[in-house]
Amino acid sequence: MKNLLFIGLGRMGSPIAGHLAANTDFAVSVYNRTPGKAEQWLKQYAGTAHSDSHRYDAIILCVGNDDDVRENLSLDGQFVPCLKQGGVVIDHTTTSAELAKAISAALAERGVAYLDAPVSGGEAGAVNGKLSCMVGGDKAAFEQSADIFKAYCHNIVYIGASGAGQISKMANQLCIAGVLAGLSEAICLIEKAGVDADKVYQAIKGGAAQSWQLDNRFQTMMAGEFDFGFAIEHMIKDLNYALAETRHQGWTPPVADKVLNDYRQLLADGQSGQDTSVLVEKYRQLI
Ligand SMILES: NC(=O)c1ccc[n+]([C@@H]2O[C@H](COP(=O)([O-])OP(=O)(O)OC[C@H]3O[C@@H](n4cnc5c(N)ncnc54)[C@H](OP(=O)(O)O)[C@@H]3O)[C@@H](O)[C@H]2O)c1
């Protein structure tokens, strides 16, 4: 049986840790910065609270951003010293690729492997155990951790060296930004023309314009409903990381750059907590 520590019982982390606890191959300990969430989790699932005396085969975390990961994985902090020699850290936080490379190098000095393993699939994917996971880091550590990933992912792809998982997640977010921008423009065109939106959807959904966003968000965007999970604050963070990476490469992606500014303005306009499809409201200001 593997001893695991899960850090960060938020919207994504809580159900992911729950899938691990349901698997008899694992003994799961949990930690959450706000203790009440860990207490709640322990009432719902079989597990124990983290203690300094525990020794773990793996630490899995899903916190907010680069700073949060740094804070939780400091070499002399409360968690890393509890890892057994040859242990592995699996990080599901969406971060910069630079952070992934730096943490990987620091942990390697302690004989610990670090896998940057951001996920896609949202809260529903976490609850249903059907996340997609893109992984960078040591390949042997990835293979050694396959049983952990399989507890809550249906699509697990090893991409390459440290940081490659985060680069894949950036690609994922650039695709989403572009698709939502196009969909927002299409909706404004339809509204201004006054044609039947449902008929337009029926006509275009099976063709080259088909996308997950078209199928799942077209009708809700038309209806002005934006309460579907992934909040614009997260997307602003993710696009900031993606644009920092492209600037490092010497270029700026024009569509993502514009979408990022649109989200910043939506946030300033009071759209905090709304999901990413709220982008259409920015475009509606143009018509
Ligand atoms: N939500 C989604 O649909 C989605 C989809 C894909 C990827 N992601 C990524 O997954 C990560 C987590 O997202 P989420 O939606 O689960 O966020 P969330 O609900 O806000 O949860 C964040 C968790 O991280 C903990 N945390 C934050 N900063 C910390 C720190 N400095 N030290 C210790 N714990 C800290 C929080 O603890 P407290 O309870 O104390 O605040 C909370 O448990 C993010 O990187 C996000 O971009 C999210």
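**View 1. Cys153 and Cys188, two buried cysteines.** Cys153 has a relative accessibility of 8% and so counts as buried, where buried means under 20% relative accessible area, exposed means over 50%, and partly exposed lies in between, all with a 1.4 Å probe and protein chains only. Cys188 is buried too, at a relative accessible area of 5%. Does Cys153 have a partner, or is the closest cysteine sulfur too far for a bond? That closest sulfur belongs to Cys133 and sits 4.6 Å from the sulfur of Cys153, which is too far for a bond. A disulfide is a covalent bond between the sulfur atoms of two cysteines, and here the term is applied to a pair of cysteine sulfur atoms within 2.5 Å. By this rule the count is zero disulfides. Please keep in mind that this is a predicted model, in which local features need pLDDT of at least 70 and side-chain atom pairs count only at pLDDT 80 or more, while totals for chains, interfaces and linings use all residues. Residues are numbered from 1 along each chain as its sequence is written, and side-chain values use heavy atoms, with hydrogens and water left out.

**View 2. The ligand and its polar partners.** Here we look at the ligand with 24 residues around it, of which Met12, Asn32, Thr34, Lys37 and Gly64 come nearest; a residue is near if one of its heavy atoms lies within 4 Å. Lys37 places a polar side-chain atom 2.7 Å from an oxygen atom of the ligand. A polar backbone atom of Gly10 is 3.3 Å from a ligand oxygen atom, and an N or O atom in the side chain of Glu71 is 3.3 Å from a ligand nitrogen atom. On its own the ligand has 900 Å² of accessible area, and the protein covers 89% of it; such areas come from the Shrake-Rupley method with a 1.4 Å probe, and for residues only the protein chains shown count as cover.

**View 3. What the shell around the ligand is made of.** Helix 3 (66-72), helix 5 (122-128) and helix 11 (232-249) are the elements that give two or more residues to the shell. Helices (H or I, at least four residues) and strands (E, at least two) are DSSP runs, numbered from the N terminus. The largest share, three residues, comes from helix 3.

**View 4. Ser277 in its loop.** Look for Ser277 in the loop between helix 12 (254-268) and helix 13 (279-284). With a relative accessible area of 0%, Ser277 is buried. Its side chain makes a polar contact with the side chain of Asp275, at 2.7 Å; a polar contact is a pair of N or O atoms within 3.5 Å, and within protein one must be able to donate a hydrogen and the other to accept it, with residues adjacent in sequence counting only if both atoms are side-chain atoms. Which residues does Ser277 contact beyond its neighbours within four places in sequence? They are Leu180, Arg217, Met221, Glu225 and Phe226, where contact means heavy atoms within 4.5 Å.

**View 5. Helix 1 and Gly122.** Helix 1 (residues 13-21) is mostly covered, with eight of its nine residues buried; among them are Pro15, Ile16 and Leu20. Gly122 is found in helix 5 and, at 32% relative accessibility, counts as partly exposed. Not counting residues up to four places away in sequence, Gly122 touches Met12 and Leu131.
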